[in-house]
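I opened this entry to look up how two chains meet, beginning with one pair of helices and working outwards to the whole interface.

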Amino acid sequence: MEIDLSFKMVSEWIGILLIFSVMAAIGNYVGYQYPFVESLIGMFILCLISLVGLIVEKLLPFDNIPAIIYISLIGLFVALPWFPLADLIIYYTSKVDLISLTTVLLAYAGVAMGKDLGSFKKVGLRGIIVTFAVIFGTYLGSAVIAHIALAYTGMI
Amino acid sequence: MNNNEKDKKSLIDDYKLHITILFISTISLGIGTINIPLINGFNLVLLPIMYSLFLAVLFYIYKPAKWINKSQSKTCAEILLILISPLIVKLAIASGENIDILFNVGPALLLKELGTVGTVIIGLPIALLLGFKREAIGMTSSICREPQLAVLIDKYGFDSDEVKGFFVVYLIGIVLGTIFISILTNILCYLVPLHPYSYALASGIGSTSMNVAAVSSLIALYPALSDKLLALSGLSNMISVVFSIYVYIFISLPLTEKLYEKFHKYFN
C-alpha cells in the first residue's frame, strides 16, 4: 500500500495551522478579551489534535473514513473526565471562543466563495424557498420528536 | 489533497492574503455581537461570523485589496479543508467534557436530533421540484450550519455541487433565518400546539442566532415558563452543536443520498 503523505504536505499543514492559531488568538483577544497567551495555547492544542487526526487518516489504510471522524473521536476522547490531561485541555481550549474561531474561518470561506458568486445569483428565490423548507422541517421535526420523548418519559 | 506538484505555490506563501483575512476577522470580532430590538420583544442578533463572511465576499467583489483574485479564492478553498479540523476538535472537546449531561437529562434531548429527518423529508422533494440536482443533497440534508459544512467539504470537496448548495441555504439562513424562525414559532405554536418545552428543545438547532430568535418568541408567548424554556433551549442547542455532527454523518446525510438516488429521476 502506498502512503500519500509527504514532508512537504505535513509542513504545509503545520504552517497553515500556526497562522490560523495566531489569527484566532488575536481575534479572541480583540473580541472577547481572553488573555492572548492562553488563547494561543488553546489554539495550539486544537491544532495539534487536528494534525494528529490528519496524519492518522493518511497512515491508516481505510480509504472511505474521512479525517474528520478521527479528529472528532480524538477530540472527544481527550476531554472525557477519565483522561489524565482532560482538565488541562479543557481549561486552555475554553479560552478559545467558538465564534472567534469561526469568524476567521468564515473570512477564508468568504474569499473562497468569491469565485462562485455567479452561480449563487442564479439560485435566487428558489434558494429562499428551500431554505425556509429546511428550517421548517428541522424545527417541526425536532419539536414533534421532542414532544413524544418528553411525554413518553413523563416529563410533560 | 494531492497537491504536491513542484510548480505549485505553497498555501502559506501568500502573506498578503493572510493579513487581509486577519484584518477582516479582527474588525468583525472588534465590532462584536449586536442586539437590535424589534417589535414584540424580538431581538435581531447580529454576530461577528456574519460580518466576516460578508466582508470577505465584499472584498472579493469590490477589490479594495487588489491582491485578492480568483487564484486567492482557490487557495482559500484549499486552506479551508485544513482549517475546519480545529473547529471540529473544539466541538468534540465540548462533547467529551459534557458527556454526563447526556446521561442525566434524558433521552428527549438526544432523540430530538433525529428531527433532522424532517429536514430531508420536507426539504428534499421541494428542492427537487424546484429543479436542483446534486446541490439538493447539500441543501436539505441538514439545517446547514458549520459542523455539517465540515462534513460536506471533507466528503465532496469545497468546489462540489453539494457544498455550493449548502452555502445557498447557509447564507440565506444567516440573512433571513432568525426572522423566519421567530415568525414560524408564533405560527406553529398556534397551529400545532405541542408542549412549549418541545419547541424549546427544537429551537436548539445548532445555530446560536436562530436559537436565540426562536426562544425569545417562545418566551413572549409563554412568559410564565421563561426560565425553564431558556434552560432547555440552551442545553438543547449545545447538544445540537456537539452531537448533530454524528447524526449527520451516520443518519441524515446517508439518508439524503439514498432518497436522492431513488427519486431524482422522477423530477426531470
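I looked first at helix H4 (residues 86-93) of chain A against helix H3 (residues 70-97) of chain B, which pack at an angle of about 130° with their axes 11 Å apart. The model is predicted, so I note that local features need pLDDT of at least 70 and side-chain atom pairs count only at pLDDT 80 or more, while totals for chains, interfaces and linings use all residues. Residues are numbered from 1 along each chain as its sequence is written, chains are lettered from A and ligands numbered from 1 in the order in which they are written, and side-chain values use heavy atoms, with hydrogens and water left out.

For my own record, helices (H or I, at least four residues) and strands (E, at least two) are DSSP runs numbered from the N terminus, and axes are lines fitted to C-alpha atoms, for helices over the stretch in contact, with angles from 0 to 180 degrees between N-to-C directions. Angles under 35 degrees count as roughly parallel, over 145 as roughly antiparallel, 65 to 115 as roughly perpendicular and the rest as oblique; H4(A) and H3(B) are therefore oblique to each other. Their crossing is left-handed, a term used if the near helix is turned anticlockwise from the far one by less than a right angle, with right-handed for clockwise. Ile89(A), Ile90(A) and Thr93(A) of H4(A) make the contact with Lys90(B), Ile93(B) and Glu97(B) of H3(B), contact meaning heavy atoms within 4.5 Å.

Next I took helix H2 (residues 36-59) of chain A, which packs with H3(B) at about 110°, the axes being 8 Å apart. That angle makes H2(A) roughly perpendicular to H3(B), and the crossing is right-handed. From H2(A) the contact draws on Leu46(A), Cys47(A), Ile49(A), Ser50(A) and Leu54(A), and from H3(B) on residues including Pro86(B), Val89(B) and Ile93(B).

I then turned to helix H1 (residues 7-32) of chain A and helix H1 (residues 15-31) of chain B, whose axes lie 8 Å apart at an angle of about 25°. H1(A) and H1(B) are therefore roughly parallel, and H1(A) passes H1(B) in a right-handed crossing.

Finally, I looked up the whole interface, where the contact takes 90 residues from chain A and 110 residues from chain B. The two chains bury about 8,900 Å² between them, 82% of it on carbon and sulfur atoms, buried area being the accessible area (1.4 Å probe) that two parts lose on being put together, summed over both. I count one salt bridge between chain A and chain B, that is, a side-chain nitrogen of Lys or Arg within 4 Å of a carboxyl oxygen of Asp or Glu. Lys115(A) and Asp159(B) form a salt bridge through their side chains at 2.9 Å, N to O.
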